[in-house]
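Open your viewer and load the model. We will go from the whole chain to single residues, one selection at a time.

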Amino acid sequence: MTQFYYGVKDTDHLIALTRKVVATFGGGRKALFIMLGTCATETHFAQFPDRHPEKLGVGVGQCDKIALRDVKLHIRPHDRTTLAKLGYDIDTVKLADLADDPLLALCIMRLVYKRKTEPFPSSDDIRGQGEYWKQHYNTYAGAGSAQKYVEDFTLYVPSEFQ
């Protein structure tokens, strides 16, 4: 039996929450794919436990202090309101809150991506998604690579998305 972490019950739960976040904050199919791919490469679709839950990357999307601070500083008023309707006050969110709350972690992931002006690659372009993730989410200081994103997407994201 597969073990899941970060408050995720199973693959269907993670997909349903990701769909909810995309429906709530927008971005359509392209956002859904990049977020699923991010979960695949950051935490093996919630199947790889966090070795440092109090620092570095936290939660299913492995958000770090810098990304959370950026979201808090630059959140748009309508996104603040939308997040509040889901039960979260961005001003009181701490990094540790993302550890076992996959909905919150996915919301923050979506808000991180919303800060980027470059459009998402096509949902058919996994390599392009990997390059986008590397440039805009993992950054060039991170250990990940676009190739690893492609490999993880193929291994962990269900075939209906491939």
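Begin with histidine 44, which is found in the loop between H2 and helix H3 (65-74). Helices here (H or I, at least four residues) and strands (E, at least two) are DSSP runs, numbered from the N terminus. Before going on, note that this is a predicted model, in which local features need pLDDT of at least 70, side-chain atom pairs count only at pLDDT 80 or more, and totals for chains, interfaces and linings use all residues. Residues are numbered from 1 along each chain as its sequence is written, and side-chain values use heavy atoms, with hydrogens and water left out.

**Stop 1: histidine 44**

Keep histidine 44 selected. It sits just after H2 and takes a positive phi of about 55°. Most residues other than glycine have a negative phi. Now show the contacts, meaning heavy atoms within 4.5 Å. Which residues does histidine 44 touch, leaving aside its neighbours within four places in sequence? They are Cys39, Lys148, Asp152 and Tyr156. Next, draw a distance to arginine 19. The two C-alpha atoms are separated by 18 Å, and the residues are 25 apart along the chain.

**Stop 2: the rest of this loop**

Select phenylalanine 45. This residue is also in the loop between H2 and H3. Its phi is positive too, about 60°, although phenylalanine 45 is not a glycine. Is phenylalanine 45 buried or exposed? Its relative accessibility is 0%, so it counts as buried. Buried means under 20% relative accessible area, exposed over 50%, and partly exposed in between (1.4 Å probe, protein chains only).

Move along to glutamine 62. The loop between H2 and H3 holds this residue as well. Phi of glutamine 62 is near 50°, again positive in a residue other than glycine. With 18% relative accessibility, glutamine 62 counts as buried.

**Stop 3: the whole chain**

Zoom out and switch to a cartoon. How many helices and strands does the protein chain have? There are seven helices and zero strands. The pattern along the sequence reads α-α-α-α-α-α-α. The radius of gyration is 14 Å, close to the 15 Å that the globule rule gives for 162 residues, so the chain is as compact as a globular protein of that length. That radius is taken over C-alpha atoms, and the globule rule is 2.2 Å times the number of residues to the power 0.38. The C-alpha atoms fill a box of roughly 35 × 35 × 30 Å, taken along the principal axes.

Colour by burial. Buried residues make up 49% of the 162 residues. Then turn on contacts between residues at least 6 apart in sequence: 63% of them join residues at least 24 apart.

**Stop 4: helix H2**

Select residues 28-43, which form H2. At 1.5 Å a residue, its 16 residues should span 22 Å, and its end C-alpha atoms are 22 Å apart, which agrees. The expected span is 1.5 Å times one less than the number of residues. In H2, 13 of the 16 residues are buried, so this helix is largely enclosed by the rest of the structure.

Pick methionine 35 within H2. At 0% relative accessibility, it counts as buried. Beyond its neighbours within four places in sequence, methionine 35 is in contact with Thr18, Val21, Val22, Leu106, Met109, Arg110 and Tyr113. Check valine 22: the C-alpha atoms of methionine 35 and valine 22 are 8.9 Å apart, with their positions 13 residues apart in sequence.

**Stop 5: helix H1**

Select residues 11-25 for H1. Its 15 residues reach 21 Å from first C-alpha to last, close to the 21 Å expected. Its buried residues are His13, Leu14, Ile15, Leu17, Thr18, Val21, Val22 and Phe25. These pack against H2, helix H4 (77-85) and helix H5 (102-114).

**Stop 6: helix H7 and beyond**

Select helix H7 (146-156). Here Ala146, Tyr149, Val150, Asp152 and Phe153 are buried. The buried residues of H7 pack against H2 and helix H6 (126-138).

Finish on proline 158, in the segment after H7. At 18% relative accessibility, proline 158 counts as buried. Apart from neighbours within four places in sequence, it is in contact with Thr11, Ile15 and Phe45. For a last distance, try lysine 72: its C-alpha lies 32 Å from that of proline 158, and the two are 86 residues apart in sequence.
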